[in-house]
Every structure is written in C-alpha cells, then in structure tokens.
Amino acid sequence: MKLASYKNASRDGQLVVVNKTLTQCVLVTEIASTMQQALDDWAQTSPKLESVYQQLNASKLTDTLPFDSKKCESPLPRAYQWADGSAYVNHVELVRKARGAEIPESFWNDPLMYQGGSDDFIGPTDDVPLPSDKWGIDFEAEVAIVTDDVPMGTLPENARQHIKLIMLVNDVSLRGLIPGELAKGFGFFQSKPASAFSPVAVTPDELADKWVDNKVHLPLISEYNHELFGCPQAGIDMTFDFSQLVAHAAKSRNLSAGTIIGSGTVSNKQGTEYGTSIAEGGVGYSCIAEVRMIETIRDGEPSTEFMKFGDHIKIEMKDEHGNNIFGSIEQQIVEAELC
C-alpha cells in the first residue's frame, strides 16, 4: 500500500491513497483525514485503506485524481517524534577518522541515535530555506520507518511488528555548526534544521523480497546538481536493522504511533577501506561530508565544497524494473527570508 499527504489549509495535510505506479490517487476522508489519524488507529484503518489501494490499482474507482508529488507534504507534515539513528557505522568511522579519532568498540553493538526536530518537516519538492550558505549545508540520503504504538522495553524480535510504513529522507545537516554544538556535550540542535521525506510512504509488503531482515535491499540514489552522486545499497553495511533501532528508541520510553526512525546516512564500504566515488567506478556516497572526509584522509584537507544557494538535490529509490517506489525528493537550497 502507498500513502501520501496532499497539501491543504491545515498543518497536517490530507491523506490520500496512491496507486502502485504513482499516477493516480484518491481521497479517503471517510477512513482517515490525515496520516496521523490513520496511524493512531492503524489496526482499524489499514485494512480499509488496503481495500481502497487494491480497488485503485484495479481501476475500479471513479473519484480518482492524477497524483502530483508537487502537491505533497512529507507523509507526516509534522510528527510526535523523529529520531535518527546512525546504523551505517562506516559513515561514523569515516567522519571520526578524518579528525584522527577511532570509533569506540561500543559503536558496533549499541546504536547511535539523536532526537531531531519533528514539528516542521519540509515538503518533498519544496525549497530548503536557510539563513546562510556559510554553515556547511549538506544533504543526507536515508531510509526511515514509521511505527504504531511501541511499548517501552520492546525487544528487537518484537519490534518488527510495529514497523508500519517506510519512506526516504533528506536529513539536512549544517556541518559547520556541528562541532561547536557537540563540543558542548549536549547534542545536535541548530545544526539539524528541518528534514524532508519522500512524497509517498509504503507498507513493508510493498517491497516484497526487497524488505528482508528489517532492511531495504535496494540502491538509494542521490543526484547532486543533476549528476549522479551516489547509489549505495541500503541493505548492505547496515550494522543495525530497523527492528534494532526501534528497540533502542523504546528502551526507556513508549513510542507513540507516528514515531519516525531514520537509518542514518546510507554508506557502503564496497570492499574498500572508505568506499569509492561514482567517477572511480564505485557506488558513491549519500552525503558530501563523506567525500570531504576521504579527501582529508587522502590529501590532508577537503576540496569538495558544501551546498550553496541554488544547488539541487534529488533522492529516490527504484525497484529492479526501474519504477520509482517512493516518488522523488527534489529540492533546491534557497536563502530564507528572515523576520
């Protein structure tokens, strides 16, 4: 099943069911007005939404609309919780190596996770407004899941049943602000502005045999300024799967329906020490920071610049037949109008 949230006069958008090919959609107000409303009562709403999805794909509905990702909010325009993990330890290792630090052994058995801002997500095709392009603007291409209610202390083997939706993320980062914030010992805040999610969220069964061991086994494609930047396999080098990330988040708290948990930047070693760029015949990277880290390790200093006003990023995932699964995140960095 594929779901999206169309923009309307409210802050939470209008829930729509989208067909498999992302060409048609239908309003489902009689089932749930918003994505959050559907998730709050998922056991009751999901079978009804699935029925609509099947009828939509069979062309049995007459009240359909052409699907337009430009009309979409992020599937959850705002959420009760957005927690981003760092499941690809290769990414963490690279960042630390560049500043001459080794990763602690615990990083391989205890996930990293931070709590991001969830009150103001950006639409998947909306501009990313920021006050300055001197702050080291970076995209981070990731996969994320959405849960129903998860009880505190849920174990990984039970956490998988709480994963209800999957989507993609552009977790925007301001690399220039991160060191100062982390030096305070209290984590990210200003260095993590609003994130954007793919136009469409899908149920795990929609991925069929590409959803295995609570991981998505498909390439995550990033095009930076209209050139292929990375297509690493999301199911490879993922040290912690999504059930482990959910259990980690729920260790000491309940997770409310609509909680979003991200994978962290998708990163592949590709049989090398650091991974390989597209130009060098590899699968590339899912953020600019990794390229800069490799340049620092190799050359003593980075040469690739971070994003500037006017730069574009496109993030998407396609199935083995080339069909776009989630729709595309397509965004431009622009200067914010400040009050």
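# Chatting through a predicted model

Student: How much of the protein counts as buried?
Tutor: Of its 339 residues, 55% count as buried. Buried means under 20% relative accessible area, exposed means over 50%, and partly exposed is in between, using a 1.4 Å probe and protein chains only.

Student: Anything I should know before I read on?
Tutor: This is a predicted model, so local features need pLDDT of at least 70 and side-chain atom pairs count only at pLDDT 80 or more, while totals for chains, interfaces and linings use all residues. Residues are numbered from 1 along each chain as its sequence is written, and side-chain values use heavy atoms, with hydrogens and water left out.

Student: OK, how many helices and strands are there?
Tutor: The protein has 7 helices and 20 strands. Those are DSSP runs, numbered from the N terminus: helices are H or I with at least four residues, strands are E with at least two.

Student: And why is it called as compact as a globular protein of that length?
Tutor: Because its radius of gyration is 19 Å, close to the 20 Å that the globule rule gives for 339 residues. The radius is taken over C-alpha atoms, and the rule is 2.2 Å times the number of residues to the power 0.38.

Student: What does the C-alpha trace span?
Tutor: Along the principal axes, about 60 × 45 × 45 Å.

Student: What share of the contacts join residues at least 24 apart?
Tutor: It's 71%, counting contacts between residues at least 6 apart in sequence. A contact means heavy atoms within 4.5 Å.

Student: New topic: salt bridges. How many does the structure hold?
Tutor: It holds 12 salt bridges. Each is a side-chain nitrogen of Lys or Arg within 4 Å of a carboxyl oxygen of Asp or Glu.

Student: Which residue does Asp-126 pair with?
Tutor: Asp-126 forms a salt bridge with Lys-7, and their closest N and O atoms are 2.8 Å apart. The two are 119 residues apart: Asp-126 sits in the loop between β6 (113-116) and β7 (128-130), and Lys-7 in the loop between β1 (2-6) and β2 (14-18). Asp-126 is partly exposed at 24% relative accessibility, and Lys-7 is partly exposed at 36%.

Student: What about Arg-78?
Tutor: Arg-78 forms a salt bridge with Asp-12, again with 2.8 Å between the closest N and O atoms. That pair is 66 residues apart, with Arg-78 in the loop between β4 and β5 (82-85) and Asp-12 in the loop between β1 and β2.

Student: And Lys-20, what does that one bridge to?
Tutor: To Glu-206, with the closest N and O atoms 2.5 Å apart. Lys-20 is in the loop between β2 and β3 (24-27) and Glu-206 in the loop between β13 (201-202) and β14 (211-212), so the pair ties together parts 186 residues apart in sequence.

Student: Is Glu-206 buried or exposed?
Tutor: Glu-206 counts as buried, at 13% relative accessibility, whereas Lys-20 is partly exposed at 45%.

Student: Which residues do shared partners join into one network?
Tutor: Asp-138, Glu-140, Asp-171, Arg-175 and Lys-192.

Student: Last one: what's the phi of Ser-59?
Tutor: Near 60°, a positive value in a residue other than glycine. Most residues other than glycine have a negative phi. Ser-59 lies in the loop between α2 (42-57) and β4 (65-66), and Ser-59 counts as exposed at 66% relative accessibility.
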